Amino acid sequence: RGDCYESSEFTCLGHQWTLKIFPGGDTNSDEGMVAILLLHKSNKRINVKFGFSIKGSDGKETAHSHHETEFDQFEAHNEDGYDWWLEEDFARRSTILDHLLMVGSLVIEV
């Protein structure tokens, strides 16, 4: 629990982001669940609608999370740090291991 892997920084909508995945879950995740965190690293505020999706090698979606709110606001990076969104119970670890790692990689769409 609490250990994570962080993606390389990527740009979307002119803002910088990273994605963290917690294979053993975050400290508040249910047992057997994977957590995912979207980290906003830009110095401007942005309102976005987003979700997470994992697809198998056949292209079919096997895990997803789409937020109910119309838009989420991410604050600008400041001296207090980065703004983020954490999905504590994104997907069952067994689903990811059984179906998605057959080809040796995991692709997450944001």
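**Figure 1. Salt bridges in the predicted model.** Under the distance criterion applied to this predicted model, the count comes to 4 salt bridges. Three of the pairs, those joining Glu 31 to Arg 1, Lys 41 to Glu 6 and Glu 9 to Lys 41, are shown in the views that follow.

**Figure 2. Close-up of the salt bridge between Glu 31 and Arg 1.** The side chains of Glu 31 and Arg 1 meet with an N to O distance of 3.2 Å. This contact links distant parts of the chain, since Glu 31 lies in the loop between strand E3 (15-22) and strand E4 (33-40), whereas Arg 1 belongs to the segment before strand E1 (5-6), 30 residues apart. Glu 31 is exposed, with a relative accessible area of 62%, while Arg 1, at 47%, is partly exposed.

**Figure 3. Close-up of the salt bridge between Lys 41 and Glu 6.** Here the side chains of Lys 41 and Glu 6 form a salt bridge of 3.9 Å, N to O. The two residues are 35 residues apart and connect distant parts of the chain, with Lys 41 in the loop between E4 and strand E5 (46-48) and Glu 6 in strand E1. Lys 41 counts as partly exposed at 21% relative accessibility, and Glu 6 likewise counts as partly exposed, at 42%.

**Figure 4. Close-up of Glu 9 and the network around Lys 41.** Glu 9 forms a salt bridge with Lys 41, in which the closest N and O atoms are 3.9 Å apart. Glu 9 is located in the loop between E1 and strand E2 (10-12), and this pair, 32 residues apart, again links distant parts of the chain. Taken together, Glu 6, Glu 9 and Lys 41 are linked in a network of salt bridges.

Terms used
Residues are numbered from 1 along each chain as its sequence is written. This is a predicted model: local features need pLDDT of at least 70, side-chain atom pairs count only at pLDDT 80 or more; totals for chains, interfaces and linings use all residues. Side-chain values use heavy atoms; hydrogens and water are left out. Helices (H or I, at least four residues) and strands (E, at least two) are DSSP runs, numbered from the N terminus. Buried means under 20% relative accessible area, exposed over 50%, partly exposed in between (1.4 Å probe, protein chains only).
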